[in-house]
Structure formats: C-alpha cells, structure tokens
Number of protein chains: 2
Amino acid sequence: MSDASSAILPALDPMAVPGITGETDYPKIFQAGMTGATRRRLGDAAGLKNFGVNLTTLPPGNASALRHWHTKQDEFVYVISGEVVLVTDRGEQVLTAGMAAGFPAGVPDGHHLINRSGQDATFLEIGDRSAGDDGDYPDIDMVWRWVGRGQADVYLHRDGTPY
Amino acid sequence: MSDASSAILPALDPMAVPGITGETDYPKIFQAGMTGATRRRLGDAAGLKNFGVNLTTLPPGNASALRHWHTKQDEFVYVISGEVVLVTDRGEQVLTAGMAAGFPAGVPDGHHLINRSGQDATFLEIGDRSAGDDGDYPDIDMVWRWVGRGQADVYLHRDGTPY
C-alpha cells in the first residue's frame, strides 16, 4: 500500500491525475506566456466542491496568470519544487521550495508567479469558490465580473465594454 | 530576496510562523495520541478567512485527529515529508511525500492520519470554513455540533448528552 500508484480515493497520487496544459480563457492579446502551465486538479479529483487544489507545473518563461486580485475568494500557494518570482505591489520576491504566499479576498494587491529560472517549478494553488467573485488586473485595462456559478467569468475593459 | 527568512507578506516562510503544539479540545478520555501535532497556521498568517492551511508536523505515535467526517466542510491533505497512515472505511493506506488525500463534505467516511513510522511527518492540511458544519466520529460515541461562527463546537454523545 505504500506504492503511490496504488492509491485509491480518498487517497490519491497527484501524478496520476491528468494534467491540463495551455488552458486559458484570457483574451488573445493577453495570452503570451500564459499557456505553458500544466495543472492537475487534485481537489476536483478528490470530489471537493468548496475549494480547488491544483498541483501546477510552470515551465521557464511562463506565468501562473496575469497579475490579478479577487474580491471574494482567498488564494494560497505553496512551492513544492524549483523557484518562482512572486510579483505584487511589494515588488518581487523569489519563492523557493517550502515557501508560501497567501492572497486574502478583497485586498487590492495583484499577484502572479513567474518562472524566470531555467527549470520547471511546481506548486500547489488553492482557491475557494465563494460566489459573486469579481476581480481586477491592475497592470492592464481589464477586469472580470462574476456571471454565475458554473459559468465562465466575463472579461471587460475598465469602461465596461467586453473583450 | 531568495532567503526564505526575509519573506514579507503576501509571501511567507512557513517555518517562521509559530507552531502550536498540544492544542485539542477533545474530551479528556479521547486525548491520548492527539496532542503531539504541531500546527503552523499559514492561512491565518496570510490573513485568509475562507479556508485554513496548516503546515502540520506529526511525531511518531500521534494522530492528526480522531477519525471523523464533516457535513459541510471539505478537507484536503498533501504530504510534504515522512509518511503517515491514512485510515478510512477503505482500510489503511500509507501516504508518503508527494501523496495527497481529499475528504468531500457530507461523505460519511471518517478519516485521520496516524504516524506509525519512526520519524516526524509533515503535511499541509486544508479545510474551508463553511457555516453550519457538524461532524461525526464513527469509531466512538461522539459527534460534534456547530454552535456558531467563532464559537467552539460542542461534543455530544450520540444520545445528545454533552461530554
């Protein structure tokens, strides 16, 4: 039973969860560097509904997301291997294996992770699914607005016109 | 900035977060083996409200909790180092570093982690804070009932009498 590949739910071997690469619904003009991450949706694989847990592999030259913040949903990351650069209003901080960062809902300080190293980095990304979550991309002319549970957020210019 | 100890929020060095050892509100008769864990409340340290993230160190001979399940709150664990035994209705599974387990709310399958090895084990414990969360300890004559946000749960016998 100590062989990870023999894990049965509620246990799971994260590497046995299919990885999804290149998934983004950002407008095309903002997709550069945003499609390299591979995400293994561990929380979904375990049947969780209240929050998501992804094991994400970020290759060199890619970012986890556009720099953003959430109005209702908390986020947390924990670095498993490699190193990433965390960018926030505080500037840049290098996060190595065993380091973490947390982003409380409603704090208007955008964040994202960039891999500027020469090797893949892996980290856990955790976020809850509180309803009514809007968000903002402070570096660009874009916000997102909650539409409804199970529906894709909509991306808007700051003047309210859609992308 | 690559020195973990220099991390500033929203980044954090988990080992710089104070660990809390021996904390349990279980009735005295159920506390054996339950007071060895040291928990670093990373989510709280980052200011998160919607879910908790603990980095927990479990010494040999200790358990993470009494075997239990939640009616409203999801839980997830990811093993960072060492090994633990996950006990559920499925039996026992050994979880080593890099393995995970998830426990969806409302699934009446109790779970806990026991360290039967000779070394400390460390893992991340994640749980949300959905209101109205009750729970059950299937191996013993005990349940817990939600009282209110910010208030300690109450422990009852199955016939409703308090401990």
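Guide: A nonpolar core is a set of buried Ala, Val, Leu, Ile, Met, Phe, Trp, Tyr and Cys residues joined through C-beta atoms within 7 Å. Keep that in mind for this model, which is predicted.

Visitor: What makes A:Val77 and B:Val77 stand out in the largest nonpolar core?

Guide: They have the most contacts inside that core, which has 60 residues. Both are Val, one of the residue types that the definition admits. In soluble globular proteins, nonpolar side chains tend to be buried together.

Visitor: Which residues does A:Val77 touch, leaving out those up to four places away in sequence?

Guide: A:Ala100, A:Ala101, A:Leu113, A:Phe123, A:Leu124 and A:Glu125. A contact requires C-beta atoms within 7 Å, so each of these passes that limit.

Visitor: How do you know whether chain A is a compact globule?

Guide: Compare two values. A compact globule with 163 residues would have a radius of gyration near 15 Å, and chain A has 16 Å, so the two agree. The C-alpha trace spans about 55 × 35 × 25 Å along its principal axes. Chain A has one helix and 14 strands. Of its 163 residues, 39% count as buried. Among contacts with a separation of 6 or more in chain A, 61% join residues 24 or more positions apart.

Visitor: Why is A:Gly132 called exposed?

Guide: Count its neighbours. A:Gly132 has 11 other C-beta atoms within 10 Å. Exposed means 12 or fewer, so the label fits. A:Gly132 is found in the loop between β11 and β12 (135–137) of chain A. Beyond its neighbours within four places in sequence, A:Gly132 is in contact with A:Lys72 and A:Trp146. A:Gly132 and A:Gln73 are 59 residues apart in sequence, and their C-alpha atoms are 9.0 Å apart in space.

Visitor: Why is A:Ile114 called partly exposed?

Guide: A:Ile114 has 19 C-beta neighbours inside 10 Å. Buried takes 20 or more, and exposed takes 12 or fewer. The count of 19 lies in between, so A:Ile114 is partly exposed. A:Ile114 is found in strand β10 (residues 112–114) of chain A. Not counting residues up to four places away, A:Ile114 touches A:Ala63, A:Val84, A:Val85 and A:Val87. The C-alpha atoms of A:Ile114 and A:Val87 are separated by 7.7 Å, with their positions 27 residues apart along the chain.

Visitor: How do you know how the two copies are related?

Guide: Chain A can be laid on chain B by a turn of 180° and a shift of 0.0 Å along the axis, with an RMSD of 0.0 Å. The two copies are therefore related as by a two-fold rotation axis.

Visitor: What makes up the contact between the chains?

Guide: It takes 45 residues from chain A and 45 residues from chain B. On the side of chain A that touches chain B, β8(A) gives the largest share, five residues. That side divides into 26 nonpolar, twelve polar and seven charged residues.

Visitor: Why do we say the copies meet through the same surface?

Guide: Because 100% of the interface residues of chain A are also interface residues in chain B.

Visitor: Why do we say that β1(A) and β9(B) pair?

Guide: Pairing needs at least two bridges, and two bridges join β1(A) to β9(B), so they qualify. They run antiparallel. A:Ala11 stands opposite B:Ala101 in β9(B). On the other side of the exchange, two bridges join β9(A) to β1 (residues 11–12) of chain B, again antiparallel. There A:Ala100 stands opposite B:Leu12.

Visitor: Which strands form the open sheet that holds β1(A)?

Guide: Seven strands form it, in the order β1(A)-β9(B)-β6(B)-β11(B)-β4(B)-β3(B)-β2(B), with antiparallel pairing.

Visitor: What makes β1 of chain A and β2 (19–21) of chain B edge strands?

Guide: Each has a single partner strand, so one side of each is left without a neighbour in the sheet. For β2(B), three bridges lead to β3 (residues 38–41) of chain B. One of the facing pairs is B:Gly19 with B:Arg40. Further in, four bridges join β6 (residues 75–81) of chain B to β9(B). There B:Val77 stands opposite B:Ala101.

Visitor: Which way do the residues of β9 (residues 100–103) of chain B point?

Guide: B:Ala100 and B:Gly102 point one way, B:Ala101 and B:Phe103 the other, and all are buried. In a regular strand the side chains alternate between the two faces of the sheet.

Definitions and conventions. Residues numbered from 1 in each chain as written. Chains lettered and ligands numbered in written order. Predicted model: local features only at pLDDT ≥ 70, side-chain atom pairs only at ≥ 80, totals over all residues. Contact = placed C-beta atoms within 7 Å. Nonpolar A, V, L, I, M, F, W, Y, C, P; charged D, E, K, R; others polar. Least-squares fit on C-alpha atoms with pLDDT ≥ 70 in both. Rg over C-alpha atoms; globule rule 2.2 N^0.38 Å.
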